[in-house]
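Please find my notes on the chain below. They go from the overall fold to single residues.

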Amino acid sequence: MQIEKAETYRANVIALLAAEKLPTDDLPQTLENFVIALQDEDVIGVAGLEIYDSYCLLRSVAVSAAYRGKGIASRLLDTIEKLAAARQLREIYLLTETAPEYFSKKEYQKITRAQVPAEVQQSTEFSHVCPQSAIVMKKTLKTA
């Protein structure tokens with residue numbers, strides 16, 4: 001299994017997200033801030049960032065059901081966090097309905113929607129894609 005940039009795998013990323021019942025309509029046109037996990041040329045995992053000034057929104061974290069429990073999501077998340085840190089972003093925000101315990105183990109803390117910067121609140125994920133019942137979480141990145 002290898003981690004790669006997602007740009008040339010858009011159709012595969014959409015297929016995986018759709019299979020996992022995650023939104024695809026509002027994906028960025030280019031997936032320059034997305035990474036994928038590849039197994040024998042199959043996209044088996046994905047994670048991405050939407051960047052807003054010095055903040056970012058983690059989105060589209062998914063691993064194919066057949067490959068769960070193998071640390072793939074962890075590797076994708078580590079790669080994404082390093083990408084965010086390299087771009088000198090300060091905080092990563094996310095919305096989840098299904099994985100708050102997982103992200104808590106990765107040092108993300110539950111917060112309220114009101115604590116999210118206005119720039120991130122303007123994203124389609126916050127404004128209308130994810131339901132109000134979704135849990136909001138944040139991680140402050142360590143700066144070098």
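The numbered points that follow cover fold, surface, charge, salt bridges and backbone angles.

1. Status. This is a predicted model. Every value below is computed from it.

2. Fold. The chain has 5 helices and 7 strands. Read from the N terminus, the order is β-α-β-β-β-α-β-α-β-α-α-β. The run thus begins and ends with a strand.

3. Size. The C-alpha trace spans about 40 × 35 × 30 Å along its principal axes. The radius of gyration is 14 Å. A compact globule of 144 residues would come out near 15 Å, so the chain agrees with that expectation.

4. Packing. Of the 144 residues, 45% are buried. Take the contacts with a separation of 6 or more: 68% of them join residues 24 or more positions apart. The accessible surface is about 7,800 Å². Carbon and sulfur atoms hold 48% of that surface.

5. Charge. There are 17 positive and 19 negative side chains. The centres of the two sets lie 6 Å apart. Salt bridges number 5 in the structure. Points 6 to 8 take up some of them.

6. Glu20 and Arg68. These side chains form a salt bridge, with N to O at 2.2 Å. Glu20 sits in the loop between helix H1 (10-19) and strand E2 (34-39), and Arg68 in the loop between strand E4 (55-63) and helix H2 (72-86), so the bridge ties together parts 48 residues apart in sequence. Are the two partners buried or exposed? Neither label fits: Glu20 is partly exposed, at 24% relative accessibility. Arg68 is also partly exposed, at 45%.

7. Arg59 and Asp26. The closest N and O atoms of this salt bridge are 3.1 Å apart. Arg59 belongs to strand E4 and Asp26 to the loop between H1 and E2, so parts 33 residues apart in sequence are tied together. Both residues are buried.

8. Arg59 and Glu50. What else does Arg59 pair with? Its side chain also meets Glu50 in a salt bridge, at 2.6 Å from N to O. Arg59 has a relative accessible area of 2% and Glu50 one of 9%; the cut-off for buried is under 20%, so both qualify. Through shared partners, Asp26, Glu50 and Arg59 form one salt-bridge network.

9. Ala73. This residue lies in helix H2. Beyond its neighbours within four places in sequence, Ala73 is in contact with Val63 and Tyr102. Gln109 is 36 residues from Ala73 in sequence, and their C-alpha atoms are 18 Å apart in space.

10. Positive phi. Most residues other than glycine have a negative phi. Which residues should be checked against that background? Two entries follow.
   - Ser60 has a positive phi, near 60°. Ser60 is placed in strand E4. It is buried, with a relative accessible area of 10%.
   - Glu107 has a positive phi of about 75° and is not a glycine. Glu107 lies in the loop between helix H3 (100-105) and strand E6 (109-111). Its relative accessible area is 46%, which means that Glu107 counts as partly exposed.

11. Recap. Strand E4 holds Arg59 and also Ser60. Arg59 is in the network with Asp26 and Glu50, while Ser60 has the positive phi. Both Arg59 and Ser60 are buried.

Key. Residues numbered from 1 in each chain as written. Predicted model: local features only at pLDDT ≥ 70, side-chain atom pairs only at ≥ 80, totals over all residues. Heavy atoms only, no water. Helix = DSSP H or I, 4+ residues; strand = E, 2+ residues; numbered from the N terminus. Rg over C-alpha atoms; globule rule 2.2 N^0.38 Å. Buried < 20%, exposed > 50% of the residue type's maximum accessible area, 1.4 Å probe, protein only. Contact = heavy atoms within 4.5 Å. Areas by Shrake-Rupley, 256 points an atom, 1.4 Å probe, with all protein chains shown as cover. Lys, Arg positive; Asp, Glu negative; His and termini not counted. Charge placed at Lys NZ, Arg CZ, Asp CG, Glu CD. Salt bridge = Lys/Arg side-chain N within 4 Å of Asp/Glu carboxyl O.
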